[in-house]
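Work through the two exercises below with the structure in view, and try each task before reading its solution.

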Amino acid sequence: MHPVLDILRARRERGDRDDPHRVALAIEGGGSRATLSGGMVMGLAEAGLSGAFDAVYGASAGTVNGAWFVSGGSAAGIPAWYAPGVMHRVCGVKRLLLGRPLVDMRWVVDELYRHIVPLDWAAARAADTPLHPLATDADSGESVDLRGLVHDDESLRTAVRASTHLPILGGAPVELAGRRYLDAALAETLPFRTPLDQGMTHVLLLRTRREDDPVKPPWRSGDLLARALLIRSAPGAAKAWRTRYARQLADEADLPTRFADTVATLRPPAGTRAVSQLETDETALHEAVEVGRAVAAAEFGP
């Protein structure tokens, strides 16, 4: 049994976090692929682990799932991923042809999660388990924890948009407290290093890539175009983009070795249905949520 899982089970049994450990929940995004980590947070909540973590860190759409988790609303909010028409409204190449962002996270945060499937932003902000939205600084290229910039519901919504904001195809970077930010996955695709650097002793990492779906280098022509565009609009992000694949490979090498005893990973099993980053099929999205939910239940269920 992994030490992280032992600690979480003991906390659940005792009903407190009264131990010498500091355990973070770290949630990967990946566009529509984050339905998988969304299902996992639902499963963790259903398994009685909502109060077992000392902090929650999110990268990209994983931040959205983290907000639902800490607010106590994952059972109501995660199914919005596959609600009729939602993802067709949020993303798609046709949007670019109309001069709109490829993925419209402003609508998700400011409309969907305020008026259609309301997220209790005040509860997320004041939760006993703090939410740490990560983002990429557009000018330095560094991974940044935005929690210290959140002081009200509006700044939390802005932080979530910053964490999920695609470079180039999502429009101009999101501004918060005088800095510009882009999607967290540029600088920290798997958000486990920041919590450890900030003093967490252990991490439960929710991944959205299947075990048989290794990271791949970017397509060369697209890679060169992205670099050229980012250098002009977000030079730090260009640096993060250039080194991203090498950092992803380093994560894959370090997780089973350097971090073997401190980071436990939940991820979709090999052979499960692939989910693209721009998936809009509601049946596929619903299935992905249920796959993630089953992964968590298998680890922490009775």
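The exercises that follow concern a predicted model and deal with annotated positions and a pocket.

**Exercise 1.** Find the residues that UniProt lists under "active site", and decide whether each is buried or exposed.

*Solution.* Begin with the record: the unreviewed UniProt entry places the feature "active site" at Ser60 and Asp183. Although they are spread over 124 residues of sequence, they cluster in space, the largest C-alpha distance being 5.6 Å.

Next, locate Ser60, which sits in the loop between strand E2 (55-58) and helix H3 (61-71). Its relative accessible area is 7%, and because buried means under 20%, Ser60 counts as buried.

Then turn to Asp183, which is found in the loop between strand E6 (179-182) and H10. With 6% relative accessibility, Asp183 is buried as well.

Finally, check the contacts, leaving aside neighbours within four places in sequence: those of Ser60 include Gly29, Gly30 and Asp183, while those of Asp183 include Ser60, Thr136 and His165.

**Exercise 2.** Describe the second largest pocket by its volume, its lining and the helices that supply the lining.

*Solution.* Start with the volume, which is about 310 Å³ for the second largest pocket. The lining of this pocket consists of 19 residues, and Ser143, Ala187, Glu188, Arg193 and Arg247 lie nearest its centre.

Now sort the lining residues by kind, which gives 4 nonpolar, 7 polar and 8 charged.

Last, trace where they come from: helix H10 (193-197) and helix H12 (235-254) each supply at least two residues of the lining, and H12 provides the largest share, with 8 residues.

Terms used. Residues are numbered from 1 along each chain as its sequence is written. This is a predicted model: local features need pLDDT of at least 70, side-chain atom pairs count only at pLDDT 80 or more; totals for chains, interfaces and linings use all residues. Side-chain values use heavy atoms; hydrogens and water are left out. On a 1 Å grid over the protein atoms alone, a cavity is a set of points where a 1.4 Å probe fits but cannot get out, and a pocket is an open set with protein on both sides within 12 Å along at least five of seven lines; lining residues have an atom within 4 Å of a point. Grid points are joined across faces, edges and corners, and a volume is the space filled by probe spheres set on the points. Helices (H or I, at least four residues) and strands (E, at least two) are DSSP runs, numbered from the N terminus. Ala, Val, Leu, Ile, Met, Phe, Trp, Tyr, Cys and Pro count as nonpolar, Asp, Glu, Lys and Arg as charged, and the others, Gly among them, as polar. UniProt positions are given in the numbering used here, feature names are shortened, and annotations may be inferred rather than shown by experiment. Buried means under 20% relative accessible area, exposed over 50%, partly exposed in between (1.4 Å probe, protein chains only). Contact means heavy atoms within 4.5 Å.
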